[in-house]
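Please look over the structure shown here before reading the report. The text is meant for someone who has not seen it before.

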Amino acid sequence: MTTQTPWPENTVARYLTVGGATVDITHDTRYASDTKPNISHAQCNGCPANTHSGWAAYAGRWDNGSAGADSAACAWAQSHAETCRAMPKPA
């Protein structure tokens, strides 16, 4: 990547894929009534169909909650970034 793109709001981690796209880990709220973000999402901007929010189940856990969700999302993002050859869509 020749230029640094701004991180979207609520982005907590970003991974660069081998194809030059990015995989962003973001926090979002589960319900409109939530007062703070409690779900981790992973999104590759090279392959938009690869949105993973399976870490919502961690949101209500008392033992590791968002830390566990972030860890699982980051592990997926790292694995995806190591093999993804998709290119980011030009602006």
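The report goes from the overall layout to the strands, the core, and some single residues.

This is a predicted model, in which local features need pLDDT of at least 70, side-chain atom pairs count only at pLDDT 80 or more, and totals for chains, interfaces and linings use all residues. Residues are numbered from 1 along each chain as its sequence is written, and side-chain values use heavy atoms, with hydrogens and water left out.

## Layout

The protein chain has one helix and four strands. Helices (H or I, at least four residues) and strands (E, at least two) are DSSP runs, numbered from the N terminus. Read from the N terminus, the order of the elements is β-β-β-β-α. Of the 91 residues in the protein chain, 35% are buried; buried means under 20% relative accessible area, exposed over 50%, and partly exposed in between (1.4 Å probe, protein chains only). A contact means heavy atoms within 4.5 Å. Among contacts in the protein chain between residues at least 6 apart in sequence, 40% link residues at least 24 apart.

## Strands

Two strands count as paired if DSSP finds at least two bridges between them. Strands β1 and β2 pair in the antiparallel sense over five bridges, and L16 stands opposite T22 in β2. The hairpin of β1 and β2 has five residues between the strands, and G20 there takes a positive phi near 100°. β2 and β3 also run antiparallel, joined by six bridges, with D24 opposite Q43 in β3. In β2, five of the seven residues are buried, so that the strand is mostly covered.

Ahead of these strands, N10 is found in the segment before β1. Its phi is near 70°, a positive value in a residue other than glycine. N10 counts as partly exposed, at 39% relative accessibility.

## The salt bridge

A salt bridge is a side-chain nitrogen of Lys or Arg within 4 Å of a carboxyl oxygen of Asp or Glu. By this rule the count is one. The pair is D24 and R14, whose side chains meet at 2.6 Å, N to O. D24 lies in strand β2 (residues 22–28) and R14 in strand β1 (residues 11–16), so the pair ties together parts that are ten residues apart in sequence. Side chains of opposite charge can pair when their charged atoms come close. D24 counts as buried, at 9% relative accessibility.

Leaving out residues up to four places away in sequence, R14 touches Q4, T5, P6, W7, P8, T22, V23 and D24.

## The core

A nonpolar core is a set of buried Ala, Val, Leu, Ile, Met, Phe, Trp, Tyr and Cys residues joined through side-chain atoms within 4.5 Å. The largest one has 15 residues, of which Y15, V23, I25 and C44 touch the most other members. At least two residues of this core come from each of β1, β2, β3 (39–44) and α1, and α1 supplies the largest share, five residues. In soluble globular proteins, nonpolar side chains tend to be buried together.

Not counting residues up to four places away in sequence, V23 touches ten residues' worth of surroundings listed as A13, R14, Y15, T17, Q43, C44, W76, A77, H80 and A81.

## The helix and the rest

Helix α1 spans residues 65–83 and holds D70. Leaving aside neighbours within four places in sequence, D70 is in contact with H27 and S40. The side chains of D70 and H27 share a polar contact of 2.8 Å, meaning a pair of N or O atoms within 3.5 Å; within protein, one must be able to donate a hydrogen and the other to accept it, and residues adjacent in sequence count only if both atoms are side-chain atoms.

C74 also lies in helix α1. With residues up to four places away in sequence left out, C74 touches A13, Y15 and I25. The table gives two C-alpha separations that involve C74.

| Pair | Apart in sequence | C-alpha to C-alpha |
|---|---|---|
| R14 and C74 | 60 residues | 8.8 Å |
| C74 and V12 | 62 residues | 9.7 Å |

A disulfide is a pair of cysteine sulfur atoms within 2.5 Å, and a search of the whole structure finds zero. The sulfur of C47 is 3.4 Å from the closest cysteine sulfur, in C44, which is too far for a bond. C47 is buried, with a relative accessible area of 18%.
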